[in-house]
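Student: I have a chain to go through before the next bench session. Can we take it question by question?

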Amino acid sequence: MENITLVAFLLLVFCFTNTYYAPNSYAQPVDCLASDREALIDFKDGLDDPANQLSSWIDRKCCQWHGIRCDNRTGAVVAIDLPGSYNRYGLLNPSGVVRPSLMKLKSLRHLDLSLNSFNGIPIPAFLGSLENLQYLNLSYAGFRGKIPRNFGNLSHLKSLDISSEVLSLHAETLKWVTGLVSLEHLALRGVDLSMVGTDWVSAINTLPSLVELHLSDCSLQGHIPILPSLNFTSLAVMDLRSNDIVSKIPDWLVNITSLHHIDISHNHMYGSIPLGFGEMPNLLSLKLLDNENLTANCSQLFRGRWEKTQVLNLAANQIYGKLPSSFGNLTSLVHLDLSDNHIEGELPVSIGPIPISRGSLQKLTSLDLGVNRLNGTLPESIGQLSQLQILSVIDNQLTGVISEAHFSKLSQLDTLLLSSNSFFGTVSSHWIPPFQLTDLEMGSCVLGPSFPAWLKSQNKVDYLDFSNAGVSGFVPNWFWDMSSNMSYLNISHNELQGKLPTPIPIAQFTAVDLSFNKLRDQFTFRQC
């Protein structure tokens, strides 16, 4: 009897604490407040609804309407969840105006109007009066103009997303965010912040609960200033990519030990990459690509533990020096891009899981070391990276033999870029690779003199380049058959001979270069 009483008590507690009502759940529906229903009807009357998504908004039970959630005890509307969506007729989402009747929804805590089509109207300033809001998402909804400063009054707000098509919204200052004392997620992607100067940094620093910051494509300018004290110590995601920031990387950034993801790509950062990045205990992803003037010495930069780092992209900068033998100790790496730098010397054997190495990069799915100054040979141990999908060492000074051993376990390989080196391919004429490639670039690698028969096994090739590869003799018929699926084909500067098929089966808009061979007949293309 006591157990039954306890169960009944717990069920009663659950019913009173489960405040949201999901329309399709098994819970008994409650009647919504009459005043809230009137406010929703007026809100609907301001909208154009070409796809009739709000067809359920007709009876008196507004808690069961599409996109509406209510408090199970009071019937008050607590959530309007009406994000746009695609259908087979295209983007047919609500447009029109957002009426101030929403201010009558005193218990509203969640408002999502993202991905709708409000056709350039300003964001309604009255939304800053919805003082109980905890979640507000107006992203990519077609709003234009200035972000209302009174959004800073939403002191209970935990998530704010006003991302927009690039520069259709703007803000002259971000001081208003200092009022968002509960904020955990802030996304202003594509908002024009070119006028805010450097004040955005101090404003963001007043948000102690902030976990995610997304300010990509915002035209942020100037430098990132020194902070006398660090308050946003819960930050896990910092996304500042594709701005116009001209600055050194501030020392305080590596002191935010909670950071998981940092992206400052496509800016104008300069100076040394802080070595402290390698010691950040929770860092999963660091992207600094295409800043052009960030520098680091490889032997120093990769001396750090990089204990949890899975994604490291430092492409198109001024990274220099030799990769240390300890490079293979970055065992958490999944994606590594050091292309378009000034890295020199040989590739360390520790890059692959062989018995003599202390560590290996065996979790790697993408390895790009192209456009550097690497020399020496390609270690056979690279063939043990069984998860590898992308391998690029294009445009280096690498030499030596490429054999079947280099690919022995690369069954997942999709992209292989070896062009502009001095490799010499020695594989059996009966070799069947373990992979299926879509992108194969081996220009200036010696593959001949015989036509590479192993290509016959590749059924998915879209981009193929083995120009200047020392290949001679007749082109087999099966090769012309496989060319029908390609978007790019370059077999120029070889000694290929024979009569071309008429017409050559080729996909529409395919780029083809067969020049500087001994192929006979003028040729035309049959578009597939």
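**Helix H2, salt bridges and a surface patch**

Tutor: We start with helix H2, where the face turned away from the buried side carries the exposed residues Glu 38 and Asp 45. Keep in mind that this is a predicted model.

Student: Which residues of H2 are buried, and do they line one face or not?

Tutor: The buried residues in H2 are Asp 36, Arg 37, Ala 39, Leu 40 and Phe 43. Seen down the helix axis, they fall within an arc of 160°, so they line one face of H2.

Student: Which strands do the buried residues of H2 pack against?

Tutor: Contact here takes heavy atoms within 4.5 Å. By that cut-off, the partners of the buried H2 residues are strand S2 (47–48), strand S3 (68–71) and strand S4 (77–81).

Student: How far apart are the end C-alpha atoms of H2, against the span expected from its 12 residues?

Tutor: At 1.5 Å a residue, the 12 residues of H2 should span 16 Å. The value from the model agrees with this, as the end C-alpha atoms are 17 Å apart.

Student: Which residue of H2 does Arg 99 form a salt bridge with, and how far apart in sequence are the parts it ties together?

Tutor: Side chains of opposite charge can pair when their charged atoms come close. The closest N and O atoms of Arg 99 and its partner, Asp 42, are 3.1 Å apart. Arg 99 lies in the loop between strand S5 (95–96) and strand S6 (110–112), whereas Asp 42 is in helix H2 (residues 34–45), so the pair ties together parts that are 57 residues apart in sequence.

Student: Is Asp 239, the salt-bridge partner of Arg 241, buried or exposed?

Tutor: The closest N and O atoms of Arg 241 and Asp 239 are 2.1 Å apart. Arg 241 is partly exposed at 30% relative accessibility. Asp 239 has a relative accessible area of 6%, and under 20% counts as buried, so the word for Asp 239 is buried.

Student: Which residues are joined into one network by salt bridges that share partners?

Tutor: The count of salt bridges comes to nine. Shared partners link some of the residues into one network, namely Lys 146, Arg 149 and Glu 172.

Student: What accessible area do Val 401, Phe 424 and Val 446 have together?

Tutor: Phe 424 is found in strand S29 (residues 422–426) and is partly exposed, with a relative accessible area of 40%. With Val 401 and Val 446, Phe 424 forms a nonpolar patch on the surface, and their accessible area together is about 220 Å².

Terms used: Residues are numbered from 1 along each chain as its sequence is written. This is a predicted model: local features need pLDDT of at least 70, side-chain atom pairs count only at pLDDT 80 or more; totals for chains, interfaces and linings use all residues. Side-chain values use heavy atoms; hydrogens and water are left out. Patches are made of residues with over 30% relative accessible area and no salt bridge: like charges are joined within 9 Å, nonpolar side chains (Val, Leu, Ile, Met, Phe, Trp, Tyr) within 5 Å. Accessible areas come from the Shrake-Rupley method with a 1.4 Å probe; for residues, only the protein chains shown count as cover. A salt bridge is a side-chain nitrogen of Lys or Arg within 4 Å of a carboxyl oxygen of Asp or Glu. Helices (H or I, at least four residues) and strands (E, at least two) are DSSP runs, numbered from the N terminus. Buried means under 20% relative accessible area, exposed over 50%, partly exposed in between (1.4 Å probe, protein chains only). The expected span of a helix is 1.5 Å times one less than its number of residues. The arc is that of the directions from the helix axis to the C-beta atoms.
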